Amino acid sequence: MVELIGGGWDIQWHIAHVPEFFWTPPHVVLYSGAGLVLLSTGAAFMLPWARRPVAGSVRSATTVAFAGAVLQFAAGGFDGAWHATFGADDTLSPPHVFLTAAMVITTFGILLSLHAWRRTEPMEGARRTVAWLAHAVGVTAMTWATWGLLFILLFPGLFRTDILLNPFGLRLFTAAAFATLFPFMVLTSARVVGRRGAATVSAAAQLGGFLLIEGLMGSLNPATLPYSALFLVPGVLADLLYRPGGRRSAYVAIALGALVAQFAFITGGVVDDMTRPDQILVAAALAYVAGGVVAAVLAERIGEIAEGLGEGPAAPVPVAA
């Protein structure tokens, strides 16, 4: 989340046309977070040396996260060279696509590794609580990374005075793509973390990160703070109504996805400027429904991947005779 807050801050930095160079404050935060990921996932490979058994499913998932972190630093070097050669770059540049795709890989690996770790290692008390809270925040991180990749791929350009998307089909596709993310986050949290309250924690982590970025940009409006609690409602609904594996749970997920996706009407920001849903209420609502259905399917698929990691205990580390 440190890294992704830096990434979100960097996007706002670009949109505000703040003078650009590589070592901006958002870049420092972003790559500091990437360093934390690289060190923590790399340290996981050293646990067996300390006679610390690690399940194969945890190692496999952590390898994905570590590979993503390595790719991010490769992208950082690419980005630094790009800035040195071309100066300010637009959103859709090769290093930006490389970096955000690597973020998605990293956060997906973290999500799976936390899931495997929680399933293979008995935990009690504070350790158990911290583990599932971290898992729920990991879902938020994966959602933010996906938002960043969508933004890089679909934003029409930082140097356009009018960023409303054309043609109309692209406008609806973009609306549906971004509307997918909120229901995807809360449904994935409920499905993968498997704890009552996890979806609400994911929504709260997203809200807190967004408010922090607004504060860093100096654009936080205190008058809107009382209304920000509305964005916890999707998490609460998912925790109360969605029971993965239960009877007709897939239908409940689809219905919740279609409902929660309608929150895209009140998110505002740059996506609204790209799609202007207020001008096409019916078409936008239908696009959001489609996004919500896709979110439910994706959440279920990620849940299946996580469950497929296996539940076997960690293998004991051989001790020298």
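Helix α3 gives the most to the nonpolar surface patch, with three residues. The patch covers about 340 Å² and is made by V64, L71, F78, F98 and I105; α3 (56-86) and α4 (94-120) are the elements that give two or more residues to this patch. Patches comprise residues with over 30% relative accessible area and no salt bridge, nonpolar side chains (Val, Leu, Ile, Met, Phe, Trp, Tyr) being joined within 5 Å and like charges within 9 Å. A salt bridge denotes a side-chain nitrogen of Lys or Arg within 4 Å of a carboxyl oxygen of Asp or Glu. The model is predicted: local features need pLDDT of at least 70, side-chain atom pairs count only at pLDDT 80 or more, and totals for chains, interfaces and linings use all residues. Residues are numbered from 1 along each chain as its sequence is written, and side-chain values use heavy atoms, with hydrogens and water left out.

V64 lies in helix α3 and counts as partly exposed because its relative accessibility is 32%. Buried denotes under 20% relative accessible area, exposed over 50%, and partly exposed in between (1.4 Å probe, protein chains only).

Helix α2 (residues 25-44) has 20 residues and spans 29 Å from its first C-alpha to its last, close to the 28 Å expected at 1.5 Å a residue; the expected span is 1.5 Å times one less than the number of residues. Buried residues of α2 include L30, Y31, G33, A34 and V37.

S189, in helix α7 (residues 181-193), is buried, with a relative accessible area of 0%. Leaving aside neighbours within four places in sequence, S189 is in contact (heavy atoms within 4.5 Å) with A136, V139, G194, A198, A199 and S202. Helices (H or I, at least four residues) are DSSP runs, numbered from the N terminus.

Key:
Areas by Shrake-Rupley, 256 points an atom, 1.4 Å probe, with all protein chains shown as cover.
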